[in-house]
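Q: I have a model open and would like to learn how to read its helix faces, cores and pockets. Can we go through them one at a time?

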Amino acid sequence: ALAQVRAGQLGGVILYRYNITDPAQVRALNSALQQANPLELPLLVALDQEGGLVQRLRASNGFADTPSHEAVAATQTPEQAGTTYRTMARMVADAGFNFNFGPVVDLRGDPLDPQHQAVSPVIGQLQRSFSEDPARVVRYATQFVQAHRGAGVLTALKHYPGHGLARSDSHLGLVDTTQTAQPIEQWPFQQLVSSGMADAVMTAHLVNRNIDPDWPVTLSEKFIQPQLRTRDGFTGVVV
């Protein structure tokens, strides 16, 4: 990877937990990557640091644990969440990262479900969503984004157009949401785009045959351009 960075072939890298053993090691690695970069723009050095189950920097590798999205929204006010995420964002920046693939703005479940069940096996059931209430998702996601901006770290809203009501794991294969997707799932993305809180948007590998019978969202000309860009006005980077 260093040779590719040096040759100007890479614009970014992402580190996973197996790339990180302790704070000194990861700082040295990220610093070496940046110093090898001949391009005018800094190298994007990214990670998935949500808190809870998805945190690459954690107590077990010498950093500090951050609660999951669900725990933050359940136990902290938005102001307290801002403090939590400022602490986390500083930790991320100090370790040499400038791009965090978060926050998750997927819904925990159906907003109208009286049982308040977490639906997706990889989102709500893993406590990765702030809430099934879209307005609450937006409030807490805004704190997450603002905290990172204060630390000089870019963020990416995920997983567009909403993975919260998808009933399978899209890491393992294509997930069809034709029968389960709801327009309300897109509302948090739309709100955050319109309030200027979207540095980047990460897509989900989901198929909704009502909109595109042939391609998953990530590769779909019927989703990204007409909906996310033209309708919702997002002009930034799509991951």
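A: Sure. Let's settle some vocabulary for pocket linings: Ala, Val, Leu, Ile, Met, Phe, Trp, Tyr, Cys and Pro count as nonpolar, Asp, Glu, Lys and Arg as charged, and the others, Gly among them, as polar. Keep in mind too that this is a predicted model.

Q: With those classes in hand, how do the residues lining the largest pocket divide?

A: The lining has nine nonpolar, seven polar and five charged residues. The pocket itself holds about 400 Å³ of space. Of its 21 lining residues, D48, H159, H171, M202 and H205 are the closest to the centre. Strands β6 and β8 each supply at least two residues of that lining.

Q: And which residues lie nearest the centre of the second largest pocket?

A: Those are A181, Q182, P183, Q186 and N208, out of 18 lining residues. Here the space is about 230 Å³, and the lining divides into eight nonpolar, eight polar and two charged residues. Both β9 (206–207) and α7 provide at least two of them each.

Q: Now helices. Which residues of α6 are buried?

A: The general idea goes like this: an α-helix has 3.6 residues a turn, so residues three or four places apart point the same way. In α6, which spans residues 187–194, the buried ones are P188, F189, L192 and V193. Looking down the axis of α6, you find these buried residues within an arc of 130°, so they line one face of the helix.

Q: What do the buried residues of α6 pack against?

A: Their partners are α5 (134–150), β6 (154–160) and β8 (200–203). Just past the end of α6, have a look at G196, whose phi is positive, at about 75°.

Q: Let's turn to the cores. Which residues touch the most other members of the largest nonpolar core?

A: In soluble globular proteins, nonpolar side chains tend to be buried together. In this model the largest nonpolar core has 46 residues, and L57, Y85 and F97 touch the most other members. Several elements each give at least two residues to this core, including α2 (23–36), β2 (44–47), α4 (78–94) and α6. The largest share, seven residues, comes from α5.

Q: What is L57 in contact with, leaving aside neighbours within four places in sequence?

A: L57 has contacts with I20, L47, Q49, F63, A64, M91, V92, A95 and F97. There is also a second, separate core of six residues, with A46, F101, A156 and M202 among them. You have already met M202, as one of the residues closest to the centre of the largest pocket.

How values were computed: Residues are numbered from 1 along each chain as its sequence is written. This is a predicted model: local features need pLDDT of at least 70, side-chain atom pairs count only at pLDDT 80 or more; totals for chains, interfaces and linings use all residues. Side-chain values use heavy atoms; hydrogens and water are left out. Buried means under 20% relative accessible area, exposed over 50%, partly exposed in between (1.4 Å probe, protein chains only). Helices (H or I, at least four residues) and strands (E, at least two) are DSSP runs, numbered from the N terminus. The arc is that of the directions from the helix axis to the C-beta atoms. Contact means heavy atoms within 4.5 Å. A nonpolar core is a set of buried Ala, Val, Leu, Ile, Met, Phe, Trp, Tyr and Cys residues joined through side-chain atoms within 4.5 Å. On a 1 Å grid over the protein atoms alone, a cavity is a set of points where a 1.4 Å probe fits but cannot get out, and a pocket is an open set with protein on both sides within 12 Å along at least five of seven lines; lining residues have an atom within 4 Å of a point. Grid points are joined across faces, edges and corners, and a volume is the space filled by probe spheres set on the points.
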